[in-house]
Amino acid sequence: MKIGVLALQGDFDAHRRRLEDLGAEVALVKHPGQFDEIDGLVIPGGESGTFLKLLGEEGFEKLRQFVQAKPTFGTCAGAILLAKEVENPKQTGLGALDIRIRRNAYGRQIDSSIRQGRLGEEPLEMVFIRAPKIERVGPAVEVIATQGDDPVAVRQGKVMAATFHPELSDDTRVHREFLALIRNGK
Ligand code: GLN
């Protein structure tokens with residue numbers, strides 16, 4: 001099982017380390033041709049608009065095909081890319097998750113923070129950095145983590161997303177959940 005981490009921009013290295021610590025083989029994905037070699041993909045945080053620019057139309061289309069076929073996990077900017085509807089400003093999404101997501105939704109004063117949330121019923125530390133907010137969750141989307149009243153991690157079929165950065169906390173549960181999703185071949 002080989003997992004790709006999209007390495008165009010952003011904090012891909014923390015994901016690589018976390019996945020390797022959990023025993024996975026990791027490939028840093030720098031061009032769409034590598035999609036054929038991987039069984040799952042992590043789209044890291046960064047700047048979603050920059051990802052779109054760097055991917056270009058062809059890269060975006062290849063990524064769209066990949067996420068329809070194989071397990072994908074997006075964090076923060078990655079979650080924005082996977083969404084069906086993106087606000088503030090409006091932006092193209094891959095449409096893999098039936099959610100509406102608002103970029104930079106917490107304002108400048110609290111644009112980065114560490115908060116306690118819940119993964120299922122269990123407490124989980126969550127690192128938010130210029131985080132988006134999930135404003136609408138479609139009927140096929142399962143909420144797997146919450147912070148206060150907000151959904152902050154969701155899953156639809158084999159696609160998962162979190163608005164926080166699990167790769168920056170010591171807790172490995174969220175990444176383990178993604179590895180289980182790949183293993184189960186859902
Ligand atoms: N604010 C970024 C965006 O809108 C996401 C921030 C992050 O990935 N940490 O794309």
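This section describes the overall fold, the ligand site and the surroundings of P166 in a predicted model.

The protein contains four helices and 12 strands. Its C-alpha atoms occupy a box of roughly 40 × 35 × 30 Å along the principal axes. The radius of gyration is 15 Å. For 186 residues, a compact globule would have a value near 16 Å, so the protein agrees with that expectation. Buried residues account for 51% of the 186 residues. Contacts were also examined by sequence separation. Among contacts with a separation of 6 or more, 62% join residues 24 or more positions apart. The exposed surface of the protein comes to about 8500 Å². Carbon and sulfur atoms contribute 46% of that surface.

The ligand site was examined next. The shell around the ligand draws on several stretches of the chain. G45, G46, E47 and S48 are part of it. So are C76, A77 and I80. R103, N104, I129, R130 and H165 complete the set. By residue class, the shell divides into four nonpolar, five polar and three charged residues. The charged members are E47, R103 and R130. The nonpolar members are C76, A77, I80 and I129.

Polar contacts to the ligand involve both backbone and side-chain atoms. At G46, a backbone N or O atom lies 2.9 Å from a ligand oxygen atom. At A77, a polar backbone atom is 3.0 Å from an oxygen atom of the ligand. N104 contributes through its side chain: a polar atom there lies 2.7 Å from a nitrogen atom of the ligand. Taken alone, the ligand exposes 300 Å². The protein buries 97% of that area.

P166 was considered separately. This residue follows the shell residue H165 in the numbering. P166 sits in the loop between strand 12 (159-162) and helix 4 (173-184). The relative accessible area of P166 is 4%. The cut-off for a buried residue is under 20%, so P166 counts as buried. Leaving aside residues up to four places away in sequence, P166 touches R18, F73, T75, D171, V174 and H175. Of these partners, V174 and H175 fall within the range of helix 4 (173-184). D171 precedes that helix in the numbering. The C-alpha atoms of P166 and L28 are separated by 18 Å. Along the chain, these two residues are 138 residues apart.

Terms used
Residues are numbered from 1 along each chain as its sequence is written. This is a predicted model: local features need pLDDT of at least 70, side-chain atom pairs count only at pLDDT 80 or more; totals for chains, interfaces and linings use all residues. Side-chain values use heavy atoms; hydrogens and water are left out. A residue is near a molecule or strand if one of its heavy atoms lies within 4 Å of it. A polar contact is a pair of N or O atoms within 3.5 Å; within protein, one must be able to donate a hydrogen and the other to accept it, and residues adjacent in sequence count only if both atoms are side-chain atoms. Accessible areas come from the Shrake-Rupley method with a 1.4 Å probe; for residues, only the protein chains shown count as cover. Helices (H or I, at least four residues) and strands (E, at least two) are DSSP runs, numbered from the N terminus. Buried means under 20% relative accessible area, exposed over 50%, partly exposed in between (1.4 Å probe, protein chains only). Contact means heavy atoms within 4.5 Å. The radius of gyration is taken over C-alpha atoms; the globule rule is 2.2 Å times the number of residues to the power 0.38.
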